[in-house]
Amino acid sequence: MLPAGWLLAAFGGVLGLLIGSFLNVVIHRLPRMLERQWAEDCATAADATAAVASEPFNLVRPRSRCPHCGHAIRWYENIPLLSYLALRGRCSACRAPIGLRYPVVELVTGLLFAWCFWRWGLGWTAAAWCGFAATLVALTLIDWDTTLLPDDLTLPLLWAGLIAAALDWTGVALADALWGAVAGYLSLWLVYWAFKLATGKEGMGYGDFKLLAALGAWFGWQALAPVALLASTIGAIVGIGMKLRGALREDGVVPFGPFLALGGITAMLFGPQSVLRAIGL
């Protein structure tokens with residue numbers, strides 16, 4: 001018989017695969033939902049009497065379809081990982097390739113959930129950290145695709161960190177979580193304005209402030225330096241590598257959010273101070 005810890009990890013892994021499948025929907029649709037809402041708001045502001053008609057578009061409707069042929073995805077074609085393998089990575093109707101990102105998101109989320117349940121067992125602490133990890137996975141890919149960090153995700157993540165601290169689910173004192181949120185926001189806000197005053201350009205978006213504030217709420221103010229250091233180091237390496245390969249976008253922007261999220265995941269897995277120890281500080 002498997003030890004209880006491994007059984008819980010297996011349960012968490014299966015749950016994570018299911019949540020990962022849903023995250024693929026969030027990553028694809030949430031930015032488009034926001035764009036549609038902005039367009040409707042602009043149309044309404046331009047003509048208060050105009051009625052903006054549009055088909056329902058949210059995280060539930062319409063049903064998922066193949067982007068190439070419009071084939072509606074059946075339930076048995078949407079089983080995490082298994083359906084991708086059974087279909088050999090292709091649409092069952094038109095045989096167009098299905099992006100590898102979909103099973104990768106499911107697998108990564110499953111592994112993170114399995115680790116959380118193995119580490120913290122069955123309870124609210126594991127559930128809190130699973131929610132933390134899932135949100136960072138979604139934010140990573142949304143920011144990479146669109147350079148947006150939606151308030152719909154960053155602000156709930158921030159409040160969840162403060163609530164989890166208050167309920168003693170994270171082991172972080174509420175005062176440390178509160179000041180972590182304050183310091184996380186203000187530190188990048190100051191960097192933003194210093195860069196803008198010096199160059200006249202915007203070096204990052206406000207979503208980055210909110211994301212670091214959320215990480216401060218989850219780990220406390222003491223974790224901000226190692227998380228920001230890891231994010232900055234990896235971001236610089238990736239940015240230089242993309243520039244040398246000519247892989248930068250037309251605007252030359254490399255979003256910072258994915259690297260902050262990676263710092264948060266690293267802190268969850270190994271502890272914030274492990275980052276400093278790894279580089280000899």
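Of the 281 residues in the protein, 40% are buried, where buried denotes a relative accessible area under 20%, exposed one over 50%, and partly exposed a value in between (1.4 Å probe, protein chains only). The model is a predicted one, in which local features require pLDDT of at least 70 and side-chain atom pairs count only at pLDDT 80 or more, while totals for chains, interfaces and linings use all residues. Residues are numbered from 1 along each chain as its sequence is written, and side-chain values use heavy atoms, with hydrogens and water left out.

The accessible surface amounts to about 15,700 Å², and carbon and sulfur atoms contribute 67% of this area; the areas were obtained by the Shrake-Rupley method with a 1.4 Å probe, and for residues only the protein chains shown count as cover. The radius of gyration of the protein is 20 Å, which agrees with the value near 19 Å expected for a compact globule of 281 residues. This radius is taken over C-alpha atoms, and the globule rule is 2.2 Å times the number of residues to the power 0.38. Along the principal axes, the C-alpha atoms fill a box of roughly 65 × 55 × 45 Å.

The secondary structure comprises 10 helices and 0 strands, these being DSSP runs numbered from the N terminus (helices: H or I, at least four residues; strands: E, at least two). Among contacts with a separation of 6 or more, 70% involve residues 24 or more positions apart, a contact being defined by heavy atoms within 4.5 Å. The side chains include 19 positive and 17 negative groups, and the centres of the two sets are 11 Å apart. Lys and Arg count as positive and Asp and Glu as negative, whereas His and the chain ends are not counted; each charge is placed at NZ of Lys, CZ of Arg, CG of Asp or CD of Glu.

Aromatic pairs were assigned to rings of Phe, Tyr and Trp (its six-membered ring) with centres within 6.5 Å; planes under 30 degrees apart are stacked, those over 60 edge-to-face, and the rest tilted. The count by this rule is 16 aromatic pairs. W144 and F259 form an edge-to-face pair, with 6.5 Å from centre to centre and 85° between the planes. This pair links distant parts of the chain, since W144 belongs to helix α4 and F259 to helix α9 (residues 257-270), 115 residues apart. W144 is partly exposed because its relative accessibility is 31%, whereas F259, at 7%, is buried. Y192 and F209 have ring centres 5.5 Å apart and planes at 70°, so this pair is likewise edge-to-face. Here the link runs between helix α6 (residues 174-199), which holds Y192, and helix α7 (residues 206-219), which holds F209, at a separation of 17 residues. Both Y192 and F209 are buried. In addition, ring pairs join W115, W120, W129, F132, W218 and F219 into a cluster.

Two further positions were examined individually. T135 lies in helix α4 (residues 124-146) and counts as buried because its relative accessibility is 18%. Apart from neighbours within four places in sequence, T135 contacts L153 and L157. P103 lies in helix α3 (residues 101-120) and is buried, with a relative accessibility of 7%. With neighbours within four places again set aside, P103 is in contact with L81 and Y84. The C-alpha atoms of P103 and H68 are 18 Å apart in space, at a sequence separation of 35 residues.
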